[in-house]
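Visitor: Please take me through one part of this model at close range, and then show how that part sits within its surroundings. I would like the reasoning spelled out wherever a cut-off decides the matter.

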Amino acid sequence: MRTSTRTLLAAALVLGVAAGPALGPAVAAQPAATARPARDADLAKTMAAAIAGLPRADATAALVRVGGTAGTWRGSSGVRDLESGAPADPAARFRAGSVTKVFTAATVLRLVAERRIGLDRPARAYLPDLIPARYGGVTVRQLLNHTHGIPAPDFPGETVEEWYEHRFDVHTPEELVRSATAKPREFRPGTRQHYLNIGYTIAGLIVERVTGDSYERQVERRILRPLGLEDTYLPGGAAGITGPYNHGYQTMRLGDGTTGLRDVSVWGTSDAWAAGDLVSTTADLERFTRALFAGRVVRGPLLEEMFTLPEVTDLKTGAPAAYSVGLSMKRLGGREVWGKTGGRWGYNAAIGSTRDGSRTLVYSVNSTDAKGQDTNPTALRVMVAAYGLPD
């Protein structure tokens, strides 16, 4: 995280400065943040302040759940949609983006436990018809911890407006893999780390190949159903969200040439698939997070794969690797916080926990620039309120 971002965030938290200008008339009608009383008074105060004042320029709604022995809190702020100004639904479904990767990694690790997949086996051993020889040395573990060196596939468009025009395009996983593997590798497998979706697309295909079943049904059978995650599902590329949801908006150039917010709640997800198409709720993701960190989803030594960072550096920044199998690690408030963030247009989401489970965090923020270069200000405030500033 850049120092300037930390400094501005700290000042904003102390002074109570709103993150950006108001969004017109909807602000006057928007309800105050609501929350269930917490055992930790400081947590309740700081977390309520973190999401107060929505909608505003960076976000239209936020749903937050904090759990663990260090204190609990539940809250929501903002609106269900800008047209009605109705309060945000705290039980609403949302696009969880790359939080999907945690479910995919857990599914693969469960198949490893059954000896149906080997972490050190080449991906090509499972998909010889799809993975070319130039990538023959890439292992399943390298797919999951982003050290595979396979570049991203090509997609049409270079701007959000162009991507919006292609929002209903359908991409098959095989098409994405062929596009990516037709290119030269970015680095020798296992020597650097570059966070991309393509490794998880391949992992999803391996799940299908070894089980003879769809990726979606395998995740449902192995994770969703046993944990009772009744409001979580994999849409398989479907553009709409099933059930109640808070609308997502994106800042972009509109048809009349002005810049404003466009409702992007309906947007196809086949480009993400096993890397990012999950739809869930904060309650379901909190239950999943608790179960995962308690060792009830992935067990024994295989769980340690999710808490082990490869000893390589990031391809772009040169910093030490931050991504393990399925998770990532940040140091916040002087301690390690493990979890995963995700973004789809109109939605930012995250799960996180200390290793001992003393503090868990799940949030959904209806960000107006969910694919921006910097962390959404509201999401950042929530993270800092739960865990403290980055070290």
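Guide: His194 has a relative accessibility of 10%, and because burial is taken as anything under 20%, this residue counts as buried. The model is a predicted one, and every value that follows should be read with that in mind. His194 belongs to the loop that runs between β5 (192–193) and α8, and, once its neighbours within four places in sequence are set aside, its contacts are His146, Glu186, Phe187, Leu315 and Lys316.

Beyond that loop comes helix α8, residues 198–211, which packs against helix α9, residues 215–227, at an angle of about 80 degrees, with the two axes 9 Å apart. Angles from 65 to 115 degrees are classed as roughly perpendicular, and α8 and α9 are therefore described in that way. On the α8 side the contact is made by Gly204, Val207, Glu208 and Thr211, which meet Tyr215, Glu216 and Gln218 of α9. Sorted by class, the residues of this contact are two nonpolar, three polar and two charged.

Helix α9 also meets α4, whose axis comes within 10 Å of that of α9 and crosses it at roughly 80 degrees. That angle makes α4 roughly perpendicular to α9. Here Thr100, Phe103, Thr104, Ala106, Thr107, Arg110 and Leu111 of α4 face Tyr215, Gln218, Val219, Arg222, Ile223 and Leu224 of α9, and the contact divides into seven nonpolar, four polar and two charged residues. Tyr215 and Gln218 of α9 thus appear in the contact with α8 and again in the contact with α4.

Phe103 leads from this pairing into the interior, since it is among the members of the largest nonpolar core, a set of 70 residues, that touch the most other members, along with Ile202, Ile206, Leu285, Phe288, Val297 and Met306. Helix α4, residues 100–113, supplies the largest share of this core, namely eight residues. Leaving out residues up to four places away in sequence, Phe103 touches Val219, Ile223, Leu224, Leu229, Leu278, Leu285 and Phe288. A second core, separate from the one just described, holds 22 residues, including Leu43, Ala50, Leu332 and Ala386.

Two of the partners of Phe103, Leu285 and Phe288, are also among the buried residues of α10, which are Thr282, Asp284, Leu285, Glu286, Phe288, Thr289, Ala291, Leu292 and Phe293. Because nine of its twelve residues are buried, α10 is largely enclosed by the rest of the structure. Its length can be checked as well: at 1.5 Å a residue, the twelve residues of α10 (282–293) should span 16 Å, and the end C-alpha atoms are 16 Å apart, which agrees. Just after this helix, Gly295 adopts a positive phi of about 80 degrees.

Positive phi also occurs at residues other than glycine. Trp273, in the loop between β7 (259–263) and β8 (278–280), has a phi of about 45 degrees and is buried, with a relative accessible area of 8%. Arg115, in the loop between α4 and α5 (140–144), has a positive phi of about 65 degrees, but Arg115 is exposed, at 78% relative accessible area.

As for the wider setting, the chain contains twelve helices and 13 strands, and 54% of its 391 residues count as buried.

Notes:
Residues are numbered from 1 along each chain as its sequence is written. This is a predicted model: local features need pLDDT of at least 70, side-chain atom pairs count only at pLDDT 80 or more; totals for chains, interfaces and linings use all residues. Side-chain values use heavy atoms; hydrogens and water are left out. Axes are lines fitted to C-alpha atoms, for helices over the stretch in contact, and angles run from 0 to 180 degrees between N-to-C directions. Helices (H or I, at least four residues) and strands (E, at least two) are DSSP runs, numbered from the N terminus. Angles under 35 degrees count as roughly parallel, over 145 as roughly antiparallel, 65 to 115 as roughly perpendicular and the rest as oblique. Contact means heavy atoms within 4.5 Å. Ala, Val, Leu, Ile, Met, Phe, Trp, Tyr, Cys and Pro count as nonpolar, Asp, Glu, Lys and Arg as charged, and the others, Gly among them, as polar. A nonpolar core is a set of buried Ala, Val, Leu, Ile, Met, Phe, Trp, Tyr and Cys residues joined through side-chain atoms within 4.5 Å. Buried means under 20% relative accessible area, exposed over 50%, partly exposed in between (1.4 Å probe, protein chains only). The expected span of a helix is 1.5 Å times one less than its number of residues.
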